[in-house]
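Dear colleague,

I am handing over a structure that you have not worked with before, and I would be glad if you opened it alongside this message. What I found in it follows below.

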Amino acid sequence: FNQYGVEIPNDIAGLLLSAILSDTLLLKSPTATKVDKDAVERLCARLGLNYEEYGLEMFKAGSSLKGKTIEEIIYQDFKQFNSDDINIGIGQVFTTNYDEIDNDKEKYIKELNDIALNNNYDIVCLFITNIITNGSYVLFNEKARNIISLAYNVPDIEEGHFLENIVSRKKQMITGILEVLERK
């Protein structure tokens, strides 16, 4: 639109703004670029919005986990990775209310252990990312405890530990795990 000097219709501007804010976690993700920030600034000026307020409302509306099973939550955004002979599965879910998961933490851990056992994963994690606090809680299968502890430099890590500033699966979550595996 900018390149060709075409005025962006408000509905398309809203969609573009929502997509950028979602993909960059309100511009807090390490994947956010200057191009993203400039686009958000222009779109917000066009729409008369504050991107932080709009984005928080958007995330609150879209992050409810009510009515979903534990398996659905784990697999909602699940990616598989491999490092030599090590199979890794990482799920990520966004919520502004970690208590929804914490209340059933033991059931989640059991499901992660079952997923690892039944699908030949060495490491299975669920990162519960909270955009408001800019970090992720992590749950993992029991056999992965030592690797997760080393990957995030948290001695004797406990299930549900909050990892400050860890929000990007691609640039932070998997890289920490792969670095530990490469050292072994």
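A residue is called buried here when its relative accessible area is under 20%, and exposed when that value is over 50%. Please keep in mind throughout that this is a predicted model.

To begin with the chain as a whole, it has eight helices and five strands, and their order along the sequence reads α-α-α-α-β-β-α-α-β-β-α-β-α. Its C-alpha atoms fill a box of roughly 55 × 35 × 25 Å along the principal axes. Of the 184 residues in the chain, 45% are buried, and about 10,200 Å² of surface is exposed, with carbon and sulfur atoms supplying 48% of that area. Among contacts with a separation of 6 or more, 64% join residues that are 24 or more positions apart. As for charge, the chain carries 19 positive and 29 negative side chains, and the centres of these two sets lie 2 Å apart.

The helix I would look at next is α8, which covers residues 169-183 and has 15 residues. From its first C-alpha to its last, α8 reaches 20 Å, close to the 21 Å expected at 1.5 Å a residue, although α8 also bends by about 40° at T175. The buried residues of α8 are R169, Q172, M173, I174, G176, I177, V180 and L181. What covers these residues? The cover includes the strands β1 (78-83), β2 (86-94), β3 (123-130) and β4 (135-140), together with the helix α7 (145-151).

Two backbone angles also deserve your attention when you go through the loops. Most residues other than glycine have a negative phi. L27, which is not a glycine, nevertheless has a positive phi of about 70°, and L27 sits in the loop between α1 (10-23) and α2 (34-47). The second case is D84, whose phi is near 55°, again a positive value in a residue other than glycine, and D84 is placed in the loop between β1 and β2.

Is each of these two residues buried or exposed? L27 has a relative accessible area of 14%, which is under 20%, and therefore L27 counts as buried. D84 has a relative accessibility of 77%, which is over 50%, so D84 counts as exposed.

With best regards

How values were computed: Residues are numbered from 1 along each chain as its sequence is written. This is a predicted model: local features need pLDDT of at least 70, side-chain atom pairs count only at pLDDT 80 or more; totals for chains, interfaces and linings use all residues. Side-chain values use heavy atoms; hydrogens and water are left out. Helices (H or I, at least four residues) and strands (E, at least two) are DSSP runs, numbered from the N terminus. Buried means under 20% relative accessible area, exposed over 50%, partly exposed in between (1.4 Å probe, protein chains only). Contact means heavy atoms within 4.5 Å. Accessible areas come from the Shrake-Rupley method with a 1.4 Å probe; for residues, only the protein chains shown count as cover. Lys and Arg count as positive and Asp and Glu as negative; His and the chain ends are not counted. The place of a charge is taken as NZ of Lys, CZ of Arg, CG of Asp or CD of Glu. The expected span of a helix is 1.5 Å times one less than its number of residues. The bend at a residue is the angle between axes fitted to the seven residues ending there and the seven starting there.
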